[in-house]
Amino acid sequence: MESRPKDLTPAPDSSLLSLLGLDAEQDAVYRLLVDRPDSVPTSVTEPGADPGAVVRVLQGLVDRGLASAERDEVGGLRYRAASPVLALGPLLESRRSALHRVEHFVSELAERHRAAARSQAGGAPVEVLTGAAAIRRRLVEMQRKARHELRSLVPAMGRTVAISFEDNLDEVEREAMRRGVVVRAVVARAWLEEPRAARWLTALASEGQRIAVTESLPIKLVMVDDDVALLPLDPARDETVEEPVALVVHRSGLLTALISLFEQYFALGRELSPAVRGSESDGPGPLDPVDRQIVALLHVGLTDAAIARQLGIGHRTVQRRLHELMESVGAATRFQLGWHASESGWLPAP
């Protein structure tokens, strides 16, 4: 276009609208119309220049629904920019959907690339991933392909740089459960000592995940079906480093050993009951809702102080309620109280 819109100075975001399919001239003129409603062609053209080129751009904006044209009292056309939200929103959504499809295609190409590399290397059972972004992408990709079961070990280590409880739940686990995939985890008891993490774990249990609690775990681990597992190269390595390293283990004797390791710890742990929630559930047994939560948290090994922090009540209140429960069932020890709770249906199985 020979005639350029006047007063147009390049800005850092001067080409952003071109990402939505506008050419440079349409981008520039639309920006001017946003700031200057009811413009005539000459008002967005350099003085003395032929406005014909700008008229063609303006008509192009009208044809795309980005502007409107109305005749004034002398028969000329005045142009007004359409609302950016209404006009550009559909374009933005279309590009977003296209990028989402491209993202899935890139993941598919990456998997084909890895498969070809494994085949060329004689089916190597272990891959090495470097960097938090690469580990996160592969973890989410693995979990989205789950057909039957997701399993994980979560030791009491520094928070992962790859993906958190909240991220993983929103990213893949809810969708997996909707597809009928079983989700099981073993977590170190230390996580339940932190109120925020404890709230997320109990929320996961209430949504249908099976979570076993144990004193400690040797390694972080995520497994998808009986096909593949992801674990850190060095379990003792600080996860806050810039370049964490992880291993992807495919079907092999090593994967069989990892599956056995998970099953042993899940069997040894105490399963977190969905009854452990902040709401007053109507679970079985004659217990007050708060007492039911106290007993359930005690069952997985939390201290009185940790129970008090999670439920937002006083430490002495927890001790008093436990003492009253023990007296009401004739239990001399907390172990006896736990046995009675299990036998009496106070702790419903997930």
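**View 1. Strands β3 and β9 pair in the antiparallel sense.** Five bridges join β3 to strand β9, which spans residues 245-250. In this predicted model, V128 of β3 stands opposite L247 in β9. The side chains along β3, residues 126-130, alternate between two faces. E127 and L129 point to one face and are buried; V126, V128 and T130 point to the other and are not buried.

**View 2. The largest nonpolar core of the chain has 31 residues.** Within this core, L192, L201, L272 and L337 have the most contacts. At least two residues each come from β5 (182-188), α6 (195-206), β6 (210-214), α8 (289-299), α9 (304-311), α10 (315-329) and α11 (334-343). Helix α6 supplies the largest share, five residues.

**View 3. Surroundings of L337, a residue of the largest nonpolar core.** With neighbours within four places in sequence left aside, L337 is in contact with L298, L322, L325, M326, V329, A331 and W346.

**View 4. Another core, of 18 residues, lies apart from the largest one.** Its members include L17, L32, L58 and A67.

**View 5. The whole chain, for orientation, has eleven helices and ten strands.** Of its 350 residues, 40% are buried. Among contacts with a separation of 6 or more, 68% are between residues 24 or more positions apart. The exposed area of the chain is about 18700 Å², and carbon and sulfur atoms supply 54% of that area.

Note on methods. Residues are numbered from 1 along each chain as its sequence is written. This is a predicted model: local features need pLDDT of at least 70, side-chain atom pairs count only at pLDDT 80 or more; totals for chains, interfaces and linings use all residues. Side-chain values use heavy atoms; hydrogens and water are left out. A nonpolar core is a set of buried Ala, Val, Leu, Ile, Met, Phe, Trp, Tyr and Cys residues joined through side-chain atoms within 4.5 Å. Buried means under 20% relative accessible area, exposed over 50%, partly exposed in between (1.4 Å probe, protein chains only). Helices (H or I, at least four residues) and strands (E, at least two) are DSSP runs, numbered from the N terminus. Contact means heavy atoms within 4.5 Å. Two strands pair if DSSP finds at least two bridges between them. Accessible areas come from the Shrake-Rupley method with a 1.4 Å probe; for residues, only the protein chains shown count as cover.
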